[in-house]
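User: Please take a close look at one part of this structure, the aromatic rings and what sits around them, and walk me through it with care.

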Amino acid sequence: MMRRALIVVLLIAVAAPLMLAMSQLPPHGSPETPPYTHVSPYYLEHGAEEGGAENIVTSVILNYRGFDTQHEVTVIFTAMAAVLAVLLLAGSEPTDAEDAPGESPVPVSVVVRFIVRVLAPFIALFSAYVVLNGHITPGGGFQGGTIAGALVIALSLVMSREEADALLPRKPEHLLQAAAPIAFFLTGVAGLALFGDYLFFPRDEAFRWAAVLMLTVIEVGIGVGGASVLVRIFRAMRAD
Amino acid sequence: MLQDLWHNLDYAASVVLFCIGLYTVITKSNLIKKFMGLNIMETSVFAFIVALGVVDGGDAPIMGAGAEAPFINPLPQALILTGIVVAVSTTALALSLIIRIWKQTGTIEADELRGME
Amino acid sequence: MITWPPLLALLIAVPMTSAVLTPAIARGSARRAFWWALAVMSVASIIAAMLIIRVSHEGPFSYVVGGWVAPYGIELRFDEFSAAIAIICLLGTLAIIFSKEYVTHAIAEPRIPYYYTLLLLNLMAMIGFTVTGDLFNLFVFMEILSLSGYALVAVSGERIAEMAAFKYLVMGAVSSLLVLFSIGLLYALTGSLNMADVAERLDGAAAAPLAVAFACITLGFMVKSAVFPLHVWLPDAHAIAPSPISAVLSGLVVKVGIIGMLRVYQIAYSSGAVDMTGLNTVLMWLGAISIVMGAFFAVFQDDIKLMLAYSTISNIGYIVMGLGLASTYGVIGASVHVFNHALIKATLFLGAGAIIHQTGKRTLSDLAGVGRAMPFTVAAISIGAISIVGIPPTAGFLCKWYIALGAMQAGRPFFAFALVFGALFIFIYYIRMVNAFYFQKPKDPSILEVHEAPATMLGPTLLLAALCLVMGVFGRLPLSFIEPAVNRLLAPLGGG
């Protein structure tokens, strides 16, 4: 009882100053607030032509704040490396799992198996669509990559281990997992070599194709990298 | 003050969510539940920052045919995309640690673990 | 001197991408991973050296990535405080060399390539953190380095390691959240994420959100740097991690919180819109309490690494106190102690790691008399111990002296007293350690038969010990290097 009272007091002590702060913030939804009048008008005005993508969020992510996103994808990679550093065990690559290959250990209902297999090609198509249309519709590499990763995970649930492991090639595995940061780096260096600034996307109409190409390379890189990392994390946890 | 808070109800809601998360982190003994509480706290901060970008009557910031001002501020959305990725990464690592703790000790209750140390 | 602007972006991008490539290069081989990690660190060190030479000639400079203008793109800013990357590169390289033999016994083989990957990512994220001039970019780097830090604590797979890592993760995640929340508040008030721009636009912002923002961000960084009541995650995490990782965590990663605080102070002071006196008082007191409590706990530890971990809390106390004093001498002393403490603590942790690796024992009572079997390592540890107490010709002396001067300058002699009192405590427990190593009778005579650690472990330890001495003799060099930056920081306060 005492403990509960203490916690309530603590929560009120945390909430009160926060509520006070919130009440003094510029009014929500007003177009006069600093966030809406300072930096973002520039993005909204120029984002479409300078940023190379009609979806301004994509412009901001990949172009104006591309350096952030380069390290965001590094965060994903770090998560994978961290999971592997914690879960890998001595003497066994977990993809060659300790448990015997064959049917997945938990029996899967026929309905689930059938539906996953039927839907798989459509999900794959959808993920490719989301990756490639990130510049004009909501979506992009992260979202599409997640869909692709989820697809592989769903398939691994209904397939035997050998079949599931064959879904992703083993040889270039490490490169695929690092695809996103590498794509960013290569694009950045291309910008540096051709236009003199790291992660520079050409803004001239004449070079628009180059900007679009760079955006696409990054989106695909993020998609491939994100999906492979997700699948690798899943496999590490499964093998354990 | 209350009137101002009413205007900023979205922000106030994220404070409430934050406190719910904090309560879960403090009171739950199960490590997974503790971490879920942390995820709720993370979500509250994300909700707060995304709410900063809202403008009344605003449209999604996608230019092209038929797009009309006002648009919603794109920057907070871009930031929170990053924030979500970070949260997912932390969750993956936390779950792996919990898997290992469970394998080594057979429990994921914080009180029982404290007894073992 | 090279002034090519994009070099600043490459400082982060090249090593970071190379770090990501480590598993692909290593293909499971620990040796290849090691050499690759070493190569990456060398490249990073060379770029860092070029940038530091430039900053010492022409003062701070910046580069906006992608050819944008400052508040729209991400600005990287290199000032004298960023010269901390020198110590990151140095310690990182030595920790990697030390790891070569160490990890073969301490860590399961398939984990080793990921160990190097995470270590590199951790170091590079720290470099990014020191260099960036954008609040959100700061957060992203902080997350890379926190995530890799949590995993590196657990990488040894020992029984308590994962629990220590989980505790570290929960505290760390909450502190990251506080930082992100403050960034959101600052963005709400100013509409910008660029630090310099935020500072300019803070004038006239509402008082309560501003106060909450600065309080939360400082609190977040205080958790990261383990200031006294928020230190609970540190002892276990730093003691259980593999020794080279302990050196990096204790020497560098806790300092990230300090560098974060310095950035916050830069915003607060130059904007003039925030009254920091209240926060400064809190920092001073917490600093003083950390010094005493850290030292107090350390005295009762038998495990050498646990003792060193508590001593880190005590030393962070010095730094935080120096910052809180907000006087020129105090801040200079604090900034240089960031550098010196990293050197000293790395000497001690690597030395301790070498001893633990050779003997398999880690408590003072078991290790009595080891000085006769491992004279060089124990000599290095002794030099580290003398330095950390702050006895004159060593690295620890000048900065503590400066912080004490800073306390007098700020008109608060009590804190100078706390500092001296803390130093006495620290003296007691290091004397206890040196005494045990050299003069006590070995509990188990077999300890006399162990040998010195292999060269890859002994070399870095001795080099660091030598640097502790060198930095004692040339101690004025970093002090005068950092002075212009501190003067610029404190100028708005009216000369400090």
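Analyst: In this predicted model, W401(C) is a suitable place to begin, with a relative accessibility of 45% that makes it partly exposed. Its ring partner is F397(C), and the two form a stacked aromatic pair, with 6.1 Å from centre to centre and 20 degrees between the planes. The angle counts as stacked because planes under 30 degrees apart fall in that class, and the rings qualify as a pair because their centres lie within 6.5 Å. As for the backbone, both residues belong to helix α16 of chain C, which covers residues 395-409, and since they are four residues apart there, about one helical turn separates F397(C) from W401(C). F397(C) is likewise partly exposed, at 26% relative accessibility, a value that lies between the limits of 20% for buried and 50% for exposed.

This pair belongs to a wider set, for a search of the whole structure gives 36 aromatic pairs over all chains. Elsewhere in chain C, ring pairs join F296(C), F297(C), F300(C), Y310(C), F417(C), F421(C) and F425(C) into a cluster.

Aromatic rings also meet charged side chains here. The charged end of R203(A) is placed over the ring of W68(C), at 3.6 Å from the ring centre, so that this contact joins a residue of chain A to one of chain C. Within chain C, R54(C) lies over the face of F61(C), 3.8 Å from the centre of that ring.

As for the chain that contributes R203(A), chain A is divided into domain 1, residues 1-38, and domain 2, residues 54-239, and the C-alpha centres of these two domains are 37 Å apart.

Methods. Residues are numbered from 1 along each chain as its sequence is written. Chains are lettered from A and ligands numbered from 1 in the order in which they are written. This is a predicted model: local features need pLDDT of at least 70, side-chain atom pairs count only at pLDDT 80 or more; totals for chains, interfaces and linings use all residues. Side-chain values use heavy atoms; hydrogens and water are left out. Domain bounds come from an automatic or database domain assignment. Rings of Phe, Tyr and Trp (its six-membered ring) pair if their centres lie within 6.5 Å; planes under 30 degrees apart count as stacked, over 60 as edge-to-face and the rest as tilted. Helices (H or I, at least four residues) and strands (E, at least two) are DSSP runs, numbered from the N terminus. Buried means under 20% relative accessible area, exposed over 50%, partly exposed in between (1.4 Å probe, protein chains only). A charge sits over a ring if NZ of Lys or CZ of Arg is within 6 Å of the ring centre and within 35 degrees of the ring normal.
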